[in-house]
Amino acid sequence: GLTSSGGVVDLDRDFAGVAAQWRHSGVLIGRPYSMTLGLDYDRMAERRQGFVNNNGTAGALRRDEDDTVYNFDQFLIANWYVADRWQLTAGVRHIDVKFRSDDHFIVGPNPDDSGTARYRRTTPVIGAGYELTPALHVFASAGRGFETPTFVELAYRPDGQPGLNFDLKPAQTTNYEAGIKALVGSYTQATAAVFHSITKNEVVAATSSGGRNTFTNASETSRQGIELAANVTVNALSVYVSYTYTDAVFERFTNVSGQDLSGKKLPGVPRHVLYGEIAWEHRASGFSTALEARAASKLYANDANSAAADSYAAINWRGGFQQYFRGWNLTQYIRVDNVLNANYVGSVIVNEANQRYFEASQTRGVFGGVTASYVF
């Protein structure tokens, strides 16, 4: 009908942006400090049209609109060494994001769906670091986060009606983190951290049908876990390994069908992720190579936690050369993903209506290239 957005999408997007920063350092009450003041402005304009899917070809026009969005952010970051072993870090960012949609398809029962949405918020963060010994540091931080919906998330409404989903609210997060950094011997750097965050109105998948995704807000979600990492470097050989444990939960959430899913795990988030890399560099020739391994535990594919992708492990390899010559920086590289051609789920379509949640990973893939840059 005329109120359908159509099954064929014609989308044209343009992006532009500018950023500026000013840095300053000095002494405050006899102690050194540094600060950075910055501005970010970005703008995107898109022309979105939808057509009836006429047996694989574009049929009658069903959607025609011009959409624009801009963000104008101002931020300040400061570091102050308040004592010989103490460092304080603080920051604040003011975020201003505006979406605008101008509807040109106003036909019969299809109304004018033009509209605007504007989101503004000031988010602070503060942290502290303490040097227990020259080789052992502890740190802690707390802050607020703010994330608006994107045009992709606003594009369709869960009720199937035309127009953008301006009912979506921005997500607001409170984050806490604490950890320790250590230099072990002469070759090893290690980090351990714990984190906890609470998000109000997180933007989550509502429906996925016919290749079209819609989104809604979850009243409250939480994430808590640990992060461990270690890097060992001996001459030209380096080994890096990291592990993340994440417990991500819907604390309060009733979906668009009225089902209470409070206490369920967030889909698309594996509880365990392990990554490792061993790299070697021959400095005289500019050659480097590395073997990577990544493993992840199962992850849920829907909010009800009734479907899940199995755990997997995959290995990748990369290699290349780099040369510097009279201001030129030349690189030649090759990469092989999924070296062992493992068969696993590479991604999930959360809440897919026909329970077609799983997308296969790519098979063994090889690509390479050459880059060149010149410094005047």
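Of the 376 residues in the protein, 32% are buried, where buried means under 20% relative accessible area, exposed means over 50% and partly exposed lies in between, with a 1.4 Å probe and protein chains only. The model is a predicted one, in which local features need pLDDT of at least 70 and side-chain atom pairs count only at pLDDT 80 or more, while totals for chains, interfaces and linings use all residues. Residues are numbered from 1 along each chain as its sequence is written, and side-chain values use heavy atoms, with hydrogens and water left out.

The protein contains one helix and 19 strands, the helices (H or I, at least four residues) and strands (E, at least two) being DSSP runs numbered from the N terminus. Along the principal axes, its C-alpha atoms fill a box of roughly 75 × 55 × 50 Å. When contacts (heavy atoms within 4.5 Å) are taken between residues at least 6 apart in sequence, 60% of them join residues at least 24 apart.

Two buried residues lie in the loops on either side of α1. Thr148 belongs to the loop between β6 (136-147) and α1, and it counts as buried because its relative accessibility is 15%. Not counting residues up to four places away in sequence, Thr148 touches Val97, Phe99, Tyr119, Glu153 and Pro170. Asn165 sits in the loop between α1 (151-154) and β7 (171-184), and with a relative accessibility of 5% Asn165 therefore counts as buried. Leaving aside neighbours within four places in sequence, Asn165 is in contact with Glu153, Leu154, Tyr156, Arg157, Pro158 and Phe215, so that Glu153 appears among the contacts of Thr148 and also among those of Asn165.

Turning to the surface, the protein exposes about 21,500 Å², of which carbon and sulfur atoms supply 55%; accessible areas come from the Shrake-Rupley method with a 1.4 Å probe, and for residues only the protein chains shown count as cover. A nonpolar patch on this surface is formed by Leu237, Val239, Ile278, Trp280 and Leu291, with about 410 Å² of accessible area together. Patches are made of residues with over 30% relative accessible area and no salt bridge, like charges being joined within 9 Å and nonpolar side chains (Val, Leu, Ile, Met, Phe, Trp, Tyr) within 5 Å; a salt bridge is a side-chain nitrogen of Lys or Arg within 4 Å of a carboxyl oxygen of Asp or Glu. At least two residues of the nonpolar patch come from each of β10 (237-252) and β11 (272-282). Val239 lies in strand β10, and Val239 counts as partly exposed because its relative accessibility is 35%.
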